[in-house]
Amino acid sequence: IIAPTSAQVTIIDDNNVTIGFEKQNYQVSKHQGSIPLKIQVLQGTLGRTVLLHVKTRDGSAIASENYISIDYHLPAMNFSVYELTVDVSIVVNELAQDDKVFSVEVSLISPSSRVIIAPTSAQVTIIDD
């Protein structure tokens, strides 16, 4: 006797994915013009599309005076796009100043219990050289 000839299989996706900045601290010369910051899958395999939002936040560096602020949605990350680069423009001036600091934050647009953002921010130091 042969019974049953088929069976139902349920695959449970229990893998958490961690997305965050490649580094938590970046440095850029104020004469460099811009700084690229990488956001990437740090752990796990991304099996679904993830939408992220990125924005800058003033510290001792002030938007428009020391850098150009950003506040926008990033292109989708998925199984084939596991790294994105965010460029922040640096305001070039000839004033002698102390080094200045600002941060860049990333967050999920649609929160997911399977996707963790860590680290959620990166600090950028503008070096006055």
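Here are a few exercises with worked solutions on the structure above, which is a predicted model.

**Exercise 1. Work out the strand order of the four-stranded sheet, and find which strands stand at the edges.**

Step 1: Start with the order. The 4 strands line up as 6-3-1-8 in an open sheet with mixed pairing.

Step 2: Look at the two ends of that order. Strand 6 (83-89) and strand 8 (115-117) each have a single partner strand, so one side of each is left without a neighbour in the sheet.

Step 3: Check the twist. On average, neighbouring strands of this sheet are turned by 20 degrees against each other, direction ignored.

Step 4: Zoom in on one pairing. Strand 1 (residues 17-21) runs parallel to strand 8, with 3 bridges between them. On the residue level, I19 has I117 of strand 8 as its bridge partner.

**Exercise 2. Do the same for the five-stranded sheet: give the order, then the pairings of strand 7.**

Step 1: This open sheet reads 2-9-7-4-5, and its pairing is mixed.

Step 2: Strand 2 and strand 5 are the edge strands, each pairing on one side only. Neighbouring strands here are turned by 20 degrees against each other on average, again ignoring direction.

Step 3: Take strand 7 (residues 100-108) and its pairing with strand 4 (residues 52-58): the two run antiparallel and are joined by 7 bridges. V54 and V106 are bridge partners there.

Step 4: Now the pairing with strand 9 (residues 121-127). Strand 7 is antiparallel to strand 9 too, over 6 bridges. Among the bridge partners are F102 with V124, and K100 with I126.

**Exercise 3. Find the aromatic pair and decide: stacked or edge-to-face?**

Step 1: Searching the whole structure turns up 1 aromatic pair.

Step 2: Get the geometry. The ring centres of Y67 and F102 are 4.0 Å apart and the planes meet at 10 degrees, so the pair is stacked. The cut-off you need is that planes under 30 degrees apart count as stacked.

Step 3: Place the two residues. Y67 belongs to the loop between strand 4 and strand 5 (71-73) while F102 is in strand 7, so the pair ties together parts that are 35 residues apart in sequence.

Step 4: Ask about burial, with under 20% relative accessible area as the limit. Y67 has 0% relative accessibility, so Y67 counts as buried. F102 comes in at 1%, so F102 is buried as well.

**Exercise 4. Which residues touch the most other members of the largest nonpolar core, and which elements feed that core?**

Step 1: The core holds 31 residues, and I19, L37, L52, V88 and F102 touch the most other members.

Step 2: List the contributors. Two or more residues each come from strand 1, strand 2 (25-29), strand 3 (34-43), strand 4, strand 6, strand 7, strand 8 and strand 9.

Step 3: Follow one core residue outward. Beyond its neighbours within four places in sequence, I19 is in contact with residues including I39, V41, L46, L52, M77, V115 and I117.

Step 4: Add the background. In soluble globular proteins, nonpolar side chains tend to be buried together.

**Exercise 5. Where is K23, and is K23 buried or partly exposed?**

Step 1: K23 sits in the loop between strand 1 and strand 2.

Step 2: Its relative accessibility is 40%, so K23 is partly exposed.

Step 3: Finish with a distance. K23 and K38 are 15 residues apart along the chain, and their C-alpha atoms are separated by 7.8 Å.

Conventions
Residues are numbered from 1 along each chain as its sequence is written. This is a predicted model: local features need pLDDT of at least 70, side-chain atom pairs count only at pLDDT 80 or more; totals for chains, interfaces and linings use all residues. Side-chain values use heavy atoms; hydrogens and water are left out. Two strands pair if DSSP finds at least two bridges between them. Axes are lines fitted to C-alpha atoms, for helices over the stretch in contact, and angles run from 0 to 180 degrees between N-to-C directions. Rings of Phe, Tyr and Trp (its six-membered ring) pair if their centres lie within 6.5 Å; planes under 30 degrees apart count as stacked, over 60 as edge-to-face and the rest as tilted. Buried means under 20% relative accessible area, exposed over 50%, partly exposed in between (1.4 Å probe, protein chains only). A nonpolar core is a set of buried Ala, Val, Leu, Ile, Met, Phe, Trp, Tyr and Cys residues joined through side-chain atoms within 4.5 Å. Contact means heavy atoms within 4.5 Å.
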